[in-house]
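Trainee: Before I look at any helix packing, I would like to learn how to read confidence in a model, and then how to read the way two helices cross. Could we take these in turn?

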Amino acid sequence: MNTSGLVAMALTIRSNDGPRFIFHYPARPRKGKCEGDILYGTDMNFNKLDAEDDKNDKNEVDRIEFDFDDDDDDDEKMLHSFNRISLSQEDSSAGVIDGNPLNHHIILDEKMHLDEHYDTPNGIHVVPWEYLFQFSTTDLENILTPSRAYRKSRFELTLDSLCFLSYPIHIREDGTWTRRKRKQKLKGGNSNAESLSSTTDKEKGIRKIYDDSNLSEEYYEGGMTMFNVVFILDVPRYDMKQKVDEMFDHVVKKFNLALMEAQASSGYVWFESELILAIKEKAREDRRPMSWLWREILLLSTLASAIRDIFHSISHNKIATVKLGSGLDLSLQIPVPSFLISLPTSKERAMIGLLATNAIPFVNEDGDYGQPQLNKHFALLLLENETKLVAELQADKKELSAALIECISLCKPTLSFAQTAQINSIELTSLLTLASHLIVYRRAIAIPPLHSQNVYIVSPNCDLRMLPEASLLWKKTFPFAPSLQSFLAALSASPRPYRTLVPSRDHRPTYMEMLAWLIRGGWVTQLRTFTWIQVWPEIQYEVDYKLRAEVIKNMSCDQSKPQDQDGTESSDSSTSNESLDDYFKAPLTAEQVAEKTRLQRLAAKRIEQLAEEYASFSKLPAPVATLKPSINFSAHLKAFPTPYIIKDPGKLSYTESLYVSAIRKRFTKTRAKNLWLRFIKYFNGVEALESIALRENMTHKETWHILLEYQEHLLVCRYW
């Protein structure tokens, strides 16, 4: 299923001889909007099953997708499409309509096939590979080789419904393709010599086939000034921006930059371009069919085969792995989300079958927001059979193969990365790096560790259309287990710990494997618990009573301060000199009298307020702590009609800190009282209570016993 909208790829270059259209794949591409059900929210269309057929997957080296059929109507449609547009009028002559020789009466000739060459009555030689869609490659080679102004920038062109997307690469002004490195001059010289010798050997072999007719002696210089690999998309207008942005950021730009490195090191693009042009020219002279030519190009040109592999992988939403030149390996993919944080709205595209969970496996440590790291408290869940995956890695024999195999054998979905590293005495950083590699290459996902004490429910985003097919696979994988329908029905009942579904302790390993299978397929998700600190009116009254007492005490102290200051001033004035005494004995001015009167009024007002506050405070009953503050409805608590919720314990105000301290004093068990200040950072509605045991290195049983002591003061919410 083509969900990316990619319908073709093309390679163009510009040299001293002008622009050249080198190659395109597939040989005969067809327009077609990206496939897939257009569903929104959580809607499911049961009339269309998203059964992706991999039988036509063209990833073999010696296979080519070249669809020539004998359907006359299809040929007429394709011929008619060739006649729609001609951007060049150079070939216009009598008997040729709109400059396109294919617009002749031969359209009605049922014996004409696009695979073969054809000569018009006017003697024009029609070559089948000189047209892409309805456009002439002569016109396209001028359009798709933009000027230096577009160097290493996004180039986007829309013709009809097709979007031509590329990242043009031009040679630098100093005649090099990349900036040279100073310290690697000797090493670079050796590597260039080796790559040059290897490509020269290849050139000699090709020269024997094509008789030295078209390959230049100095192919690694060649006068090429730019090259451009163009990705051609056909997507609906409402998806255009998203699809084009994804394709450019993750595939187009990276592939062109990789080719630039290969061209800088060994002249790879220029050599492959000359090779393809030589093969095409030979085929033109011999009037070879287009199907034969494309098989020959894909067999001899590594760049053409790389373009083919990338096309098939990206168009089928898979990872493309290609080798460019002598030693440049490249992997390309459009990232696919592994989980869904929230269900899409009625105006958002549906993502049916994706695991629904808000447990984000990546965290930002040490304030580095640019480089998120894998959470060490998560576990690794393989998306493929472990035996099959290990066999593929063993056959691959790459540098990381042995390390990845060890990582796969050690990591279990029931153990966090930190636990795995501690048990096996290995470095945690290396384990996280290997696990991230498996996640990026879609071989695994990171989930909270599976535990029998956790609660699991049927995912609200599961794809029920696939239930019949999944039931057969479930029965094959777990022949002695209950049917998939009945097991999902049991999980759909009132939420309860998963261990209650396990018949006995001996069945626990098998049932944990069943749980991993369900989560892997997006059928089940964990129901997690989130909390906030809830301050009941009783505790609010207690803190308010304490604050008012402090206010009255402070006001009483303020009243006594002026008397003390007057006494101090009188003692100081007795020791002052005569000039100062004369100054104070002098009659007061009008301003001084007004200021003295104002201060006296303020002092009298403070005394009156203190008396009122003290009278009001004396009428309040003293706070009394009860065992259940949630059911205390005393009359003096009416001033606090609702509980107060502390949203972020990490940023407490002064009053909120008093609330937290007052709650702590109410716990009777020493263990609960000591852990209260450590646990409150998890009561923010973001951290799940199920993660506390791992982070605090405690057992699940001990953690939940402590949390039960706190439940009177917590607002609980359960969410996936």
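Mentor: This is a predicted model, and we can begin where confidence is low: over residues 183-200 the pLDDT stays under 50, and the model has nine contacts for this stretch beyond four places in sequence. Residues 563-584 also have a pLDDT below 50, with two contacts in the model beyond near neighbours in sequence.

Trainee: What is the mean pLDDT of the protein chain?

Mentor: The mean is 78, and 75% of the residues reach 70 or more.

Trainee: At what angle do helix 8 and helix 9 cross?

Mentor: Angles over 145 degrees count as roughly antiparallel. Helix 8 (residues 386-396) and helix 9 (residues 401-410) cross at roughly 165°, their axes coming within 9 Å, and the two helices are therefore roughly antiparallel to each other. Their crossing is left-handed. Helix 8 contributes residues including Leu389, Val390 and Leu393 to the contact, while helix 9 contributes, among them, Leu404, Ile405 and Ile408; by class, the contact has six nonpolar, three polar and two charged residues.

Trainee: Which residues make the contact between helix 12 and helix 14, and how do these helices pack?

Mentor: Helix 12 (residues 467-477) packs with helix 14 (residues 508-520) at an angle of about 155°, with the axes 12 Å apart, which makes helix 12 roughly antiparallel to helix 14. The crossing of helix 12 and helix 14 is right-handed. Ala470, Leu473, Trp474 and Thr477 of helix 12 meet Met514, Trp517 and Leu518 of helix 14, a contact with six nonpolar, one polar and no charged residues.

Key: Residues are numbered from 1 along each chain as its sequence is written. This is a predicted model: local features need pLDDT of at least 70, side-chain atom pairs count only at pLDDT 80 or more; totals for chains, interfaces and linings use all residues. Side-chain values use heavy atoms; hydrogens and water are left out. pLDDT is the predictor's confidence in each residue, from 0 to 100. Contact means heavy atoms within 4.5 Å. Axes are lines fitted to C-alpha atoms, for helices over the stretch in contact, and angles run from 0 to 180 degrees between N-to-C directions. Helices (H or I, at least four residues) and strands (E, at least two) are DSSP runs, numbered from the N terminus. Angles under 35 degrees count as roughly parallel, over 145 as roughly antiparallel, 65 to 115 as roughly perpendicular and the rest as oblique. A crossing is left-handed if the near helix is turned anticlockwise from the far one by less than a right angle, and right-handed if clockwise. Ala, Val, Leu, Ile, Met, Phe, Trp, Tyr, Cys and Pro count as nonpolar, Asp, Glu, Lys and Arg as charged, and the others, Gly among them, as polar.
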